[in-house]
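Student: I have a protein model open in front of me and I would like to learn how to read it. Could you walk me through it?

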Amino acid sequence: MVGSIVSLVFEWSALAALTDTPGTGGRLRAVPEDFRVEEVPAYPLSGEGEHLYLHLEKTGHTTAHVLRELCAQVGVRDRDVGAAGLKDRHAVTTQWISIPAKYEERLSAFSLEGVRVLDTRRHGNKLGLGHLRGNRFVVRVREAAGMADQAAATLARLTAQGVPNYFGPQRFGLQGLNAEEGLRVLRGESRLRDPRVRRFLTTSVQSLVFNRFLSLRLERGLFERLLAGDMAKKHDTGGVFLVEDAAAESPRAERGEVSATGTLFGKKAKPLTLDAGELEREALAAFGLTPEVFASRRGDRRLTRVFPEGAEVRPEEDGYTVAFTLPKGSFATSVLRELMKTDVDAAAGDPESGDSDEESA
């Protein structure tokens, strides 16, 4: 295995975009209220059971920090607290968390500036990582006066064709440090011993390869098409199937019924074969990697595109507000870079809403 060939520093400009429409430019996150995220639950709460669900609104805190404070102030063990995903510090976010119902009377002791408990409800099970349908984003783009119509035109195309389901910069750390150390872990060169940290860092490398694979598909006009050897996923049922006849299956992809998936390498995610496998090996080779180095990981498959729901644009005096819902595990910045055509959030360090909504692969 040779050294890294492609830069580990995340840059949107290094990843192919879908749309060729003019960008709106603009500025994000001038204030936390410019970026709002609301978690969309996976299931309704029953109203009874041994777990108490708290609907929290927070500003200026990561989810992990809020959970630590809740445990310290209320006396809950951290292993007894459930959350479906992590939400950004630089935003106003709402999400559900769960604690054992026996701590309900102690909730009055919980106080943290920038955090409100909006509602409480009971349910029969602890909230688990990934137990959400998606996230609703409402984002204000400033310093883009008169560009709302342009944003709406691009958003309409994304709604029809799908959004490239890239992993955003938060997965890779500042200056690519997460991916750099993840490569050391995979090569047996890292001195880190904490297994949880090691697993997290190697997800950065899985994400790098996936992003490269997806970018190659876009560069070669394969975003809405399938290749022989692809493992495609049905958007309505979630079923995954091997593509043997690409010409016969591609019309379904062009209609948005199915999409190709990329491999998050590991022992339970077999590499692609045939034409798709060649493209995947090219993505691996860009980092001097082979599938075998991921043998310690579980592995998974990830859709190469997702379709925004409830997408809309509202003009503002100094720009516009855009709203859309994405499935869990998808990044709002994948939409925003298509609208703005800028290196959105390239230096972000905190997990963005939509990241870490699923179990680590």
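**Reading the model step by step**

Tutor: Let's begin with two rings: Trp 12 and Tyr 166 are both buried. Keep in mind that this is a predicted model.

Student: How do the rings of Trp 12 and Tyr 166 sit, centre to centre and between the planes?

Tutor: For a ring pair, look at the distance and then at the angle. Trp 12 and Tyr 166 are 6.0 Å apart centre to centre, with 70° between the planes, and planes over 60 degrees apart count as edge-to-face. Trp 12 belongs to the segment before S1, while Tyr 166 is in the loop between strand S7 (163–164) and H3, so this pair ties together parts 154 residues apart in sequence.

Student: Which residues join Trp 12 and Tyr 166 in a cluster of ring pairs?

Tutor: Phe 10 and Phe 172 are linked with them into the cluster. Across the whole structure, a search finds eight aromatic pairs.

Student: What about Phe 265 and Phe 294: are their rings stacked or edge-to-face?

Tutor: Their centres lie 5.6 Å apart and their planes meet at 25°, so this pair is stacked. Phe 265 sits in the loop between S10 and H6, and Phe 294 in the loop between H6 and strand S11 (300–303), so the pair ties together parts that are 29 residues apart in sequence. Phe 265 and Phe 294 are buried too.

Student: Now the bigger picture. Which domains does the domain assignment give?

Tutor: A domain may be written as more than one stretch of the chain. Here the assignment gives domain 1 as 12–17 + 166–303, and domain 2 as 43–130. The C-alpha centres of domain 1 and domain 2 are 33 Å apart.

Student: How many residues are in the largest nonpolar core, and which have the most contacts inside it?

Tutor: That core has 60 residues, and Leu 289 and Tyr 320 have the most contacts inside it. Several elements supply at least two core residues each, among them strand S1 (35–41), helix H2 (148–161), helix H4 (195–219) and strand S14 (319–327). H4 gives the most, with eight residues. There is also a second, separate core of 19 residues, including Leu 67 and Phe 110.

Student: Could we look at single buried residues? Where is Leu 158 found?

Tutor: Leu 158 is in helix H2. Its relative accessible area is 0%, so Leu 158 is buried. Next, ask what surrounds a residue, leaving aside its neighbours within four places in sequence. For Leu 158 the contacts include Leu 18, Pro 308 and Val 335. The C-alpha atoms of Leu 158 and Val 335 are separated by 7.9 Å, though these residues are 177 residues apart along the chain.

Student: And Thr 24: is it buried or exposed?

Tutor: Thr 24 has 8% relative accessibility, so it counts as buried. Thr 24 is located in the segment before S1. Its side chain and that of Tyr 320 are joined by a polar contact of 2.8 Å. Beyond its neighbours within four places in sequence, Thr 24 also has contacts that include Ala 144, Met 147 and Leu 339.

Student: Which residues of helix H5 are buried?

Tutor: In H5 (residues 246–254), they are Ala 246, Ser 250 and Ala 253. To see the pattern, look down the axis: the buried residues fall within an arc of 55°, so they line one face of the helix. They pack against strand S10 (258–264) and strand S12 (305–306).

Student: What happens at the start of H5 and just after H5?

Tutor: At the start, a side-chain oxygen of Asp 245 comes to within 3.3 Å of the backbone nitrogen of Ala 247. Just after H5, Gly 256 has a positive phi of about 80°.

Student: What should I know about the sign of phi?

Tutor: Most residues other than glycine have a negative phi. Glu 143 has a positive phi near 60° and is not a glycine. Leu 274, also not a glycine, has a positive phi of about 55°.

Student: Where are Glu 143 and Leu 274?

Tutor: Glu 143 lies in the loop between S6 and H2, and Leu 274 is in helix H6. With 57% relative accessibility, Glu 143 counts as exposed. Leu 274, at 51%, counts as exposed as well.

How values were computed. Residues are numbered from 1 along each chain as its sequence is written. Side-chain values use heavy atoms; hydrogens and water are left out. Domain bounds come from an automatic or database domain assignment. A nonpolar core is a set of buried Ala, Val, Leu, Ile, Met, Phe, Trp, Tyr and Cys residues joined through side-chain atoms within 4.5 Å. Buried means under 20% relative accessible area, exposed over 50%, partly exposed in between (1.4 Å probe, protein chains only). Helices (H or I, at least four residues) and strands (E, at least two) are DSSP runs, numbered from the N terminus. The arc is that of the directions from the helix axis to the C-beta atoms. Contact means heavy atoms within 4.5 Å. A polar contact is a pair of N or O atoms within 3.5 Å; within protein, one must be able to donate a hydrogen and the other to accept it, and residues adjacent in sequence count only if both atoms are side-chain atoms. Rings of Phe, Tyr and Trp (its six-membered ring) pair if their centres lie within 6.5 Å; planes under 30 degrees apart count as stacked, over 60 as edge-to-face and the rest as tilted.
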